[in-house]
Amino acid sequence: MKDEMRERLREEFQDYEARHDYADLHLDSSIALQIKALRLQRGWTQKELASRAEMHQSQVSEMEQVTHSSWTLETLKRVARAFDLSLKLSFESFGTLLYDYINQSGERHRRPSFEDDPAFSSTMPSSADSEESNAANNVLKFEQPERFVQVRSVDLGTASG
Amino acid sequence: MIPYDYDNSRGEGVLRGWAADKRESRAIRNHVWLAVRYSRQEGLNSFYFPVDESEKKPGIFYAKIRSSRQLRPRICLGPERPNDEITYLFRAIEDNYKISPRDATEKAFYRSQVVEEKPVEMRVRLTPQRTFTL
């Protein structure tokens, strides 16, 4: 199914409006899905997340709807603080979107809490030496393989223009 | 989760042929794909798939698809395999907090009984190929 979807989407992405529509749909849904995934990963209710983010439970419920699209950066920052996670925004190629779109899953949305983050584990070397930093980064790659595998596995197709 | 579209004797469906324009077609398609990917992992409503169960007709749910219109198709689980299938039964649109047509849930309930009797004849499976024609 994935291969078939990939090929059909590659055709559809040739159209400017189509690929930007999918980008909008994916952005809205992935934010909502990740918020819910993170909340469930931590065993929180919507009310608990709302309390931590200093918002109403109804706002959390709305945010977790993939049909929600009224995001503000300020709201996302508050949610990130509530989860004690950093927020990352970046512009991406449509090759990356294609990969993300097809491979979306609940598992890929989960993130370790700060206490569980291997980068800050007390057993990790604290020196800024490049060799040790690289070792730390390799641990990061191992612990969060989906991010790096994602980059290596993106099929960008044939470059044009 | 395998999505099915109700199919009347004239080959007309619920999701099939519903989109008013290309943008809406993509929104419907996106909805189906997300439902398939997430519902399989997490169950119909435990993770994603914004649905609410009808108070009037338990067993009839309605999904939410936002596009130029607020689509609220009525769906049921199964009927052959409630843990693995969803069937889109009837079209409905929400406008200003009102559902149109007003008897969408009742008609969906009737259709759910029809597909339970004839799951093969009265349904069309929404394959990836077919979703591209939604």
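Leaving aside its neighbours within four places in sequence, which residues is Val32(B) in contact with? In this predicted model, the residues that Val32(B) touches are Pro3(B), Leu15(B), Tyr88(B), Thr131(B) and Leu134(B). Val32(B) is part of helix H1 of chain B. With a relative accessible area of 1%, Val32(B) counts as buried because the limit for that class is under 20%. Thr105(B) is 73 residues away from Val32(B) in sequence, and their C-alpha atoms are 20 Å apart.

## Chain B as a whole

Chain B contains three helices and ten strands. Along the sequence these elements follow the pattern β-α-β-β-β-β-β-β-β-β-α-β-α. Of the 134 residues in chain B, 53% are buried. The accessible surface of chain B is about 6,600 Å², and carbon and sulfur atoms account for 44% of that area. Among contacts in chain B between residues at least 6 apart in sequence, 54% join residues at least 24 apart.

## Strand pairing

Chain B has an open sheet of four strands in the order S4-S5-S8-S9, with antiparallel pairing. Its edge strands are S4 (65–66) and S9 (98–100) of chain B, each of which pairs on one side only. S4(B) is joined to strand S5 (residues 70–71) of chain B by two bridges in the antiparallel sense. In this pairing, Ile65(B) is opposite Leu71(B) in S5(B).

Antiparallel pairing also links S3(B) with S6(B), over three bridges. Here Ile60(B) stands opposite Cys76(B) in S6(B). S6(B) pairs with S7(B) as well, again in the antiparallel sense, over four bridges. In that pair Ile75(B) is opposite Tyr88(B) in S7(B).

## Nonpolar cores

The largest nonpolar core has 39 residues, and those with the most contacts inside it are Leu9(A), Tyr22(A), Leu15(B), Ile28(B), Trp33(B) and Tyr88(B). Elements of both chains give two or more residues to this core, including helix H2 (16–41) of chain A and strand S7 (85–90) of chain B. H1(B) provides the largest share, six residues.

Tyr22(A) has contacts in both chains. Not counting residues up to four places away in sequence, Tyr22(A) touches Leu9(A), Glu12(A), Phe13(A), Leu97(A) and Tyr101(A), together with Arg26(B), Arg29(B) and Trp33(B). Another core lies apart from the largest one and has 15 residues, among them Leu38(A), Ala50(A), Ala53(A) and Trp71(A).

Helix H6 (94–102) of chain A is one of the elements that give two or more residues to the largest core. H6(A) is mostly covered, with eight of its nine residues buried. Leu97(A) and Tyr101(A) are among these buried residues.

## The interface

The size of an interface is often given as the accessible area lost when the parts come together. For chain B and chain A this area is about 2,500 Å², 53% of it on carbon and sulfur atoms. The contact involves 23 residues from chain B and 29 residues from chain A. Six salt bridges are found across the interface of chain B and chain A.

## Salt bridges

Side chains of opposite charge can pair when their charged atoms come close. Over all chains there are 19 salt bridges. Four of the pairs are listed here.

| Salt bridge | N to O distance |
|---|---|
| Arg66(B) and Asp28(A) | 3.3 Å |
| Glu48(A) and Arg52(A) | 3.3 Å |
| Arg16(B) and Asp5(B) | 2.8 Å |
| Glu24(B) and Arg69(B) | 2.3 Å |

Glu48(A) and Arg52(A) are four residues apart in helix H3 (residues 46–53) of chain A, so about one helical turn separates them. Glu48(A) is partly exposed at 30% relative accessibility, and Arg52(A) is partly exposed at 45%.

The salt bridge between Arg16(B) and Asp5(B) links distant parts of the chain: Arg16(B) is in the loop between strand S1 (2–6) and H1 of chain B, while Asp5(B) is in strand S1, eleven residues apart. Arg16(B) is buried at 16% relative accessible area, and Asp5(B) is buried at 0%.

Glu24(B) and Arg69(B) are 45 residues apart, with Glu24(B) in helix H1 of chain B and Arg69(B) in the loop between S4 and S5 of chain B. Glu24(B) is buried, at 0% relative accessible area, whereas Arg69(B) is partly exposed at 25%. Salt bridges that share partners also join Glu12(A), Asp15(A), Asp21(A), Arg23(B), Arg26(B) and Arg29(B) into one network.

Conventions. Residues numbered from 1 in each chain as written. Chains lettered and ligands numbered in written order. Predicted model: local features only at pLDDT ≥ 70, side-chain atom pairs only at ≥ 80, totals over all residues. Heavy atoms only, no water. Pairing = 2+ DSSP bridges. Buried < 20%, exposed > 50% of the residue type's maximum accessible area, 1.4 Å probe, protein only. Contact = heavy atoms within 4.5 Å. Areas by Shrake-Rupley, 256 points an atom, 1.4 Å probe, with all protein chains shown as cover. Core = buried A, V, L, I, M, F, W, Y, C linked by side-chain atoms within 4.5 Å. Buried area = accessible area lost by both parts, 1.4 Å probe. Salt bridge = Lys/Arg side-chain N within 4 Å of Asp/Glu carboxyl O.
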